[in-house]
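Here is a short note, set out as numbered points, to be read beside the sequence and the model. Please keep both in view while going through it.

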Amino acid sequence: MEFGYKRPLINDEDVKLQLVDKKHAEVYIEQHPYMKKRHELEDLVMQLSKGDQLYVQNFVVLADSLTQFQDLLRVFERDEVTVTFIDENLSNTDILSMRLLELLELLTNLQTKIKRHQSIFGVREAQKQGKIIGRPKKSDDNLNRAFAMYDSKAYTLQQIKEETGISKSTLYRYLDQFK
């Protein structure tokens, strides 16, 4: 039997760009992009049996970590389920027979995409909760004092830090922005 699995992604939050060309008997759609409580994926894995075919748009749709990816591949191999990753143009059986260098490139790319996915959705969730994202801004008075001390060449970076609370790296970052 053929199945599909979708979940919100960075460039496809409404899951309309996934599995466009595939018509499956049953498609499981996760309602959120987060790692935890992926109930649809759990239900799907429980439903799969020997000889089934699962289609997902790409690796990130299926897994939130390399460990989870490995665990799922083990389950699919044990249950003799073939998973096709459309964007990568691979199946789980292809992955198992890849050369080490090809596999490392694939896994490095997967890890990068997973981190990006988690970061972007994590920031969005924090913003929804009213949290301020990014480095805290230094006060203009302190910055101006640090700039003046730096420009005078009468103070060491350590003295500037002690007087203003602005570290060397922060001072240089602001100097690069404003000068």
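1. I begin with the strand β3, which is covered on both of its faces: Q53 and Y55 on one side, and L54 and V56 on the other, are all buried, where buried stands for under 20% relative accessible area, exposed for over 50% and partly exposed for what lies in between, computed with a 1.4 Å probe and with protein chains only. The strands (E, at least two residues) and the helices (H or I, at least four residues) are DSSP runs numbered from the N terminus.

2. The model is predicted, and local features therefore need a pLDDT of at least 70, side-chain atom pairs count only at pLDDT 80 or more, and totals for chains, interfaces and linings use all residues. Residues are numbered from 1 along each chain as its sequence is written, and side-chain values use heavy atoms, with hydrogens and water left out.

3. β3 belongs to an open sheet of 5 strands, in the order β2-β1-β3-β4-β5 and with mixed pairing, two strands being counted as a pair if DSSP finds at least two bridges between them. At the edges stand β2 (26-29) and β5 (90-91), each of which has a single partner strand, so that one side of each is left without a neighbour in the sheet.

4. Which strands are joined to β3, and how do they run? Strand β1 (residues 2-6) is joined to β3 by 4 bridges and runs parallel to it, with F3 standing opposite L54. On β4 (residues 82-85), 4 bridges likewise join the strand to β3 (residues 53-56), again in a parallel arrangement.

5. The register between β3 and β4 can be followed residue by residue. The bridge partner of L54 in β4 is V83, that of Y55 is T84, and V56 stands opposite F85. L54 is thus a residue to inspect from two directions, since it faces F3 of β1 and has V83 of β4 as a bridge partner.

6. β4 also pairs with β5, through 2 bridges and in an antiparallel sense, and here F85 stands opposite L90. The two strands form a hairpin with 4 residues between them, and N89 in the turn has a positive phi of about 55°. Most residues other than glycine have a negative phi. N89 counts as exposed because its relative accessibility is 68%.

7. A second residue with a positive phi, although not a glycine, is K153, whose phi is near 60°. K153 lies in the loop between α6 and α7 (157-164), and it counts as exposed because its relative accessibility is 72%. I would ask the reader to look at the backbone of K153 in this loop together with that of N89 in the loop between β4 and β5.

8. Two residues in helices may serve as points of reference. D141 is placed in helix α6 (residues 140-152) and counts as exposed at 64% relative accessibility; its C-alpha is 9.3 Å from that of T164, with their positions 23 residues apart in the sequence numbering. D94 is found in helix α4 (residues 92-96) and counts as partly exposed at 34% relative accessibility, while its C-alpha is 9.8 Å from that of V83, a residue 11 apart from it in sequence.

9. For the protein as a whole, the secondary structure comes to 8 helices and 5 strands, which follow one another along the sequence in the pattern β-β-α-β-α-α-β-β-α-α-α-α-α. Buried residues make up 36% of the 179 residues. Among contacts (heavy atoms within 4.5 Å) between residues at least 6 apart in sequence, 60% join residues at least 24 apart.

10. How does the overall extent of the protein stand against that of a compact globule? The radius of gyration is 24 Å, whereas a compact globule of 179 residues would have one near 16 Å; the radius is taken over C-alpha atoms, and the globule rule is 2.2 Å times the number of residues to the power 0.38. Along the principal axes, the C-alpha atoms fill a box of roughly 75 × 40 × 25 Å.

11. The accessible surface comes to about 11500 Å², of which 51% belongs to carbon and sulfur atoms, the areas being obtained by the Shrake-Rupley method with a 1.4 Å probe.
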